[in-house]
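User: I would like to learn how to read the features of a structure such as this one, beginning with its aromatic rings. Could you take me through it step by step?

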Amino acid sequence: MILFLLTFLCLYGGINFYFFFRARSIFHFSGLLQALLLLAIIVLILAPILVRVLESFHWEGLARALACIGYVWMAFVFLFFFLSISTELVRIIHKFFVPDAARLALKAATFYLSVVAAAGLVIYGYFDAQHLRVRHLGLTTNHTLPNGGKLRIVQISDVHVGIIIRQNRLVELINKIRENSPDILVSTGDLLDGELDNVLREAKHFASIEAPYGKYAVLGNHEYYAGLKRSVEFTKAAGFELLRDSITGSAGITIFGQDDITGRTTGDAKKREAFKNELCREREGFTLLLKHQPRVDEQAKFDLQLSGHTHGGQIFPFGLIVKLYFPKIYGLHRLTSGGLLYISRGTGTWGPPVRVFAPPEITVIDLKEKQVKM
């Protein structure tokens, strides 16, 4: 976590200072104004940490205000950086072919264009992040299923209940889940994000959902960041059976739940090894694997793995960076083992309450028996 924070602050700080120096080259700030802007930039860089500190003191109103400002700015400055680098490359190429072009005018034009385009994308992404989609998947299996050979699994992932994703946003999510009448409801990690004393009451929304064959969840990395003990308490209060390197059965299928790699310690090595051995063993019936991060164990034997974590990139073109770590960041993929992997774009947002070309979703998976021809 410390290494992640240091890396994040260095990269994010660099992007912010890039914006500052680009703006200064256009507007030529005075000494006092420059100092005030630098102070504002430093506060914005540290905003994610300051939000957590304010949450820990239960200053929820101030924390939410700073989160909204700081995280929206994060989306803006990231998009500005990408657009500015792109337009600057175009300007340099143009200068090569037209050396007598007005350099200062073009430099200012690329700056203003980047600012306007980034602001426009943030506004679009803010509203799109609140427009929850339902992704339908129809899958067939040779295995026997209940209900006349049909089973509906609804997946949520990366909800990030916390300082921004709260009651109003959760009501729409809960209504969407109910409308699709799940036989089984699963959460593939990062159900929450933030100080749990302030969000524990939100568990009641999930607890009110009925699923005849059960509700199952695995932990994501953010449950560990928020605090493992209280995260487990929240997940269970939400009505989920928590699977931590454990196995259960329901509706005639076997459900494996793998704990996130963030929580792997030497203390649970035996349990982890036993779980892995069970996952690699051939068994009868349909096998479902719940795993937060979309990493695939080639030796594992499963019919369908459900994952999240990547958010589908959340803000384009950040997905290009995510692909360096996870070659598959969204959608349904057939694996060489014969199993299927589905990666959800996620239901909520982490950090900026913004999604650009990676809309939020819940996934409705209709599993059906193959009809045997006589």
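User: How many aromatic pairs does the structure hold?

Analyst: Rings of Phe, Tyr and Trp (its six-membered ring) pair if their centres lie within 6.5 Å; planes under 30 degrees apart count as stacked, over 60 as edge-to-face and the rest as tilted. By that rule the structure holds 25 aromatic pairs. In the pair of Phe8 and Tyr12 the ring centres are 5.3 Å apart and the planes stand at 20°, so this pair is stacked. This is a predicted model, in which local features need pLDDT of at least 70 and side-chain atom pairs count only at pLDDT 80 or more, while totals for chains, interfaces and linings use all residues. Residues are numbered from 1 along each chain as its sequence is written, and side-chain values use heavy atoms, with hydrogens and water left out.

User: Where do Phe8 and Tyr12 lie with respect to one another along helix α1?

Analyst: Helices (H or I, at least four residues) and strands (E, at least two) are DSSP runs, numbered from the N terminus. Phe8 and Tyr12 are four residues apart in helix α1, so about one helical turn separates them. Both Phe8 and Tyr12 are buried, where buried means under 20% relative accessible area, exposed over 50%, and partly exposed in between (1.4 Å probe, protein chains only).

A second pair reads otherwise: the rings of Tyr18 and Phe80 have centres 6.3 Å apart and planes at 50°, so the pair is tilted. Because Tyr18 lies in helix α1 and Phe80 in helix α3, the pair ties together parts that are 62 residues apart in sequence. Tyr18 is partly exposed, with a relative accessible area of 22%, whereas Phe80 is buried at 0%. Ring pairs also link a cluster that includes Tyr18, Phe19, Trp73, Phe76, Phe80 and Tyr112.

User: Which residues have the most contacts inside the largest nonpolar core?

Analyst: A nonpolar core is a set of buried Ala, Val, Leu, Ile, Met, Phe, Trp, Tyr and Cys residues joined through side-chain atoms within 4.5 Å. The largest one has 35 residues, and those with the most contacts inside it are Tyr12, Phe19, Trp73, Phe76, Val77, Leu79 and Ile315. Two or more residues come from each of α1 (2–27), α2 (31–56), α3 (60–97) and α4 (103–128), and α3 gives the most, with 13 residues. Apart from this core lies another of 28 residues, among them Ile177, Leu185, Ile209 and Phe234.

User: How is a pocket recognised, and which residues are the closest to the centre of the largest pocket?

Analyst: Rolling a probe the size of a water molecule over the atoms shows where empty space is left. On a 1 Å grid over the protein atoms alone, a pocket is an open set of points where a 1.4 Å probe fits, with protein on both sides within 12 Å along at least five of seven lines, and lining residues have an atom within 4 Å of a point. The largest pocket holds about 1,800 Å³ of space, and of the 45 residues that line it, Phe4, Phe8, His222, Phe318 and Trp350 are the closest to its centre. Helix α1 supplies the largest share of that lining, eight residues.

User: What is the volume of the second largest pocket?

Analyst: Its volume is about 440 Å³, where grid points are joined across faces, edges and corners and a volume is the space filled by probe spheres set on the points. The 24 residues lining the second largest pocket include His143, Phe302, Asp303, Gly338 and Gly339, which lie nearest its centre.
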